[in-house]
Structures are given as C-alpha cells and as structure tokens.
Amino acid sequence: MTQAQHYQFQADQAKRLARQVTDSEVRERLLEMAGEYSRYAELMEARERPREQAAG
C-alpha cells in the first residue's frame, strides 16, 4: 500500500464513521479529518508520480 493509498483509506474510514455518529460536533470533526487525509493523499500521489514516470 502506498502512502497515498493509506491516507485515502483513512479519509474513507473517517467519512464512514461520520455517517454513523449522531453527535453533530463529532461528525463535523470527522469530516474535517477526512478532508485533511484526502489532501495528504493528493500530496503523496503528486510526490509518487515523478518517481513512477522516471522508473518506467
């Protein structure tokens, strides 16, 4: 699993948990975390791309 995949998995987990909780503050924080993890995943994908192209 790449770092990008790891962070995307974490984002998906946070979104799933957010759908399950009833407390609005907890839900909002989980969705914020999901957004942060998604941004990290995008950054990791951007970092991994040049290496993949150079190796190919």
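Buried means under 20% relative accessible area, exposed means over 50%, and partly exposed is what lies in between (1.4 Å probe, protein chains only).

**View 1. The whole protein, with its two helices and zero strands.** This is a predicted model, so a pLDDT of at least 70 is needed for local features and 80 or more for side-chain atom pairs, while totals for chains, interfaces and linings use all residues. Residues are numbered from 1 along each chain as its sequence is written, and side-chain values use heavy atoms, with hydrogens and water left out. Helices (H or I, at least four residues) and strands (E, at least two) are DSSP runs, numbered from the N terminus. Of the 56 residues here, 18% are buried. The accessible surface adds up to about 4,400 Å², and carbon and sulfur atoms hold 48% of that; the areas come from the Shrake-Rupley method with a 1.4 Å probe, and for residues only the protein chains shown count as cover.

**View 2. Helix 1 from end to end, and its buried alanines.** With 18 residues at 1.5 Å each, helix 1 should span 26 Å, and its end C-alpha atoms do sit 26 Å apart. (The expected span is 1.5 Å times one less than the number of residues.) Look for Ala4, Ala11, Ala14 and Ala18, which are buried in this helix. They share one side of helix 1, because they cover an arc of only 90° around the axis; that arc is taken from the directions from the helix axis to the C-beta atoms. Over on the other side, Arg19 and Gln20 are exposed.

**View 3. Gln10 of helix 1, with Glu36 for company.** Gln10 belongs to helix 1, which runs over residues 3-20. Gln10 has 24% relative accessibility, so it counts as partly exposed. Glu36 is 26 residues away along the chain, yet the two C-alpha atoms are separated by 9.8 Å.

**View 4. A salt-bridge network linking Arg29, Glu32 and Glu36.** A salt bridge here is a side-chain nitrogen of Lys or Arg within 4 Å of a carboxyl oxygen of Asp or Glu. The structure holds two of them. In one, Arg29 pairs with Glu32, the closest N and O atoms being 3.2 Å apart. Both residues lie in helix 2 (residues 24-55), three residues apart, or about one turn of the helix. Arg29 also bridges to Glu36, with the closest N and O atoms 3.9 Å apart.

**View 5. Buried or exposed: where do the network residues fall?** Arg29 is partly exposed at 41% relative accessibility. Glu32 is partly exposed too, with a relative accessible area of 37%. Glu36, at 31%, also counts as partly exposed.
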